[in-house]
Amino acid sequence: MNKILFINACARPDSRTLELAKFVISTLPGQREYVDLYNLKILPLDKNGLGIREKASCLNNFSDDVFKLAKQFSQADTIVIAAPYWDMMFPAVLKTYLENLGVDLNKIRTNVVKMLGETKPPAVSSAVPVQET
């Protein structure tokens with residue numbers, strides 16, 4: 001079954017970008033997982049977090065919580081990101097989320113595939129942001 005990861009980076013519940021993304025999601029078949037970045041309360045990586053991530057990554061030990069979001073991201077077959085485009089930039093909370101994913105996703109996908117007993121890592125899709133006016 002297709003795993004769909006829906007990442008909401010819209011601050012306003014009445015966001016037009018969010019409504020468009022919800023429509024897109026409704027047309028996609030598969031199991032949906034929803035991440036609301038404003039409720040996630042993630043922080044930018046600091047020196048300590050980077051050190052933990054780098055050490056564990058070098059040891060191929062992805063069991064630490066610092067990899068939780070990256071694992072979730074790497075296990076999705078389809079990724080939909082709802083992010084309004086403000087002041088020539090996407091929301092800072094999305095940048096922080098992406099920063100927290102900033103490990104070698106191929107390494108994580110390979111380890112997830114080994115854990116699941118599959119032979120091939122899933123592909124990572126990309127999307128074009130929708131400008132909110």
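This is a short talk about one predicted protein model, going through its layout, its confidence, two of its helices and a few single residues.

Hi everyone, and a little housekeeping before the fun part. The model is predicted, so a local feature needs a pLDDT of at least 70 and side-chain atom pairs count only at pLDDT 80 or more, while totals for chains, interfaces and linings use all residues. Residues are numbered from 1 along each chain as its sequence is written, and side-chain values use heavy atoms, with hydrogens and water left out.

Let's begin with the layout. The protein has six helices and three strands; these are DSSP runs, with helices being H or I of at least four residues and strands being E of at least two, numbered from the N terminus. Reading from the N terminus, the order is β-α-β-α-α-α-β-α-α. There are 133 residues, and 38% of them count as buried. For accessibility, buried means under 20% relative accessible area, exposed means over 50%, and partly exposed is in between, with a 1.4 Å probe and protein chains only. A contact means heavy atoms within 4.5 Å. Among contacts between residues at least 6 apart in sequence, 79% join residues at least 24 apart.

Now, how confident is the predictor? That is pLDDT, its confidence in each residue on a scale from 0 to 100. The mean for the protein is 79, and 77% of residues reach 70 or more. Strand 2 has the highest confidence, at 95, and helix 6, residues 105–116, has the lowest, at a mean of 50. Residues 111–118 stay under 50, and the model gives them nine contacts beyond four places in sequence. Residues 124–133 are also below 50, with 18 contacts beyond near neighbours in sequence.

On to helix 1, residues 16–27. Its 12 residues reach 17 Å from first C-alpha to last, close to the 16 Å expected at 1.5 Å a residue; the expected span is 1.5 Å times one less than the number of residues. Which residues of helix 1 are buried? They are T17, L18, A21 and I25. Looking down the axis, these buried residues fall within an arc of 95°, so they line one face of helix 1. The arc is taken from the directions from the helix axis to the C-beta atoms. As general background, an α-helix has 3.6 residues a turn, so residues three or four places apart point the same way. The cover over the buried residues of helix 1 includes strand 1 (3–8), strand 2 (31–36) and strand 3 (78–82). At the N-terminal end, S15 acts as a cap, with a side-chain oxygen 3.2 Å from the backbone nitrogen of T17.

Helix 3, residues 47–58, makes a nice companion. Its 12 residues should span 16 Å at 1.5 Å a residue, and its end C-alpha atoms are 16 Å apart, which agrees. Here the buried residues are G49, R53, A56 and S57. They cover an arc of only 100° around the axis, which puts them on the same side of helix 3. Turned away from that buried side is a face carrying the exposed residues K47, N48, K55 and C58. Helix 3 has its own N-terminal cap in D46, where a side-chain oxygen lies 3.3 Å from the backbone nitrogen of N48.

Let me stay with G49 for a moment. It is buried, with a relative accessible area of 13%. Its C-alpha is 9.4 Å from that of N100, although the two are 51 residues apart along the chain. Over in helix 5, residues 92–101, we find T96. At 12% relative accessibility T96 counts as buried, and beyond four places in sequence T96 touches I42, L43 and P44.

Next, some backbone angles. Most residues other than glycine have a negative phi. Where does phi turn positive, near 60°? At K41, which sits in the loop between helix 2 (37–40) and helix 3 and counts as exposed at 64% relative accessibility. N60, following helix 3, also has a positive phi, near 55°. N60 is in the loop between helix 3 and helix 4 (68–75) and is partly exposed, with a relative accessible area of 41%.

Finally, the aromatics. Rings of Phe, Tyr and Trp (its six-membered ring) pair if their centres lie within 6.5 Å, with planes under 30 degrees apart counted as stacked, over 60 as edge-to-face and the rest as tilted. By that rule there are two aromatic pairs. One of them is F62 with F67, edge-to-face at 4.9 Å centre to centre and 75° between the planes. Both F62 and F67 are buried. Thanks for listening!

Definitions and conventions:
A polar contact is a pair of N or O atoms within 3.5 Å; within protein, one must be able to donate a hydrogen and the other to accept it, and residues adjacent in sequence count only if both atoms are side-chain atoms. pLDDT is the predictor's confidence in each residue, from 0 to 100.
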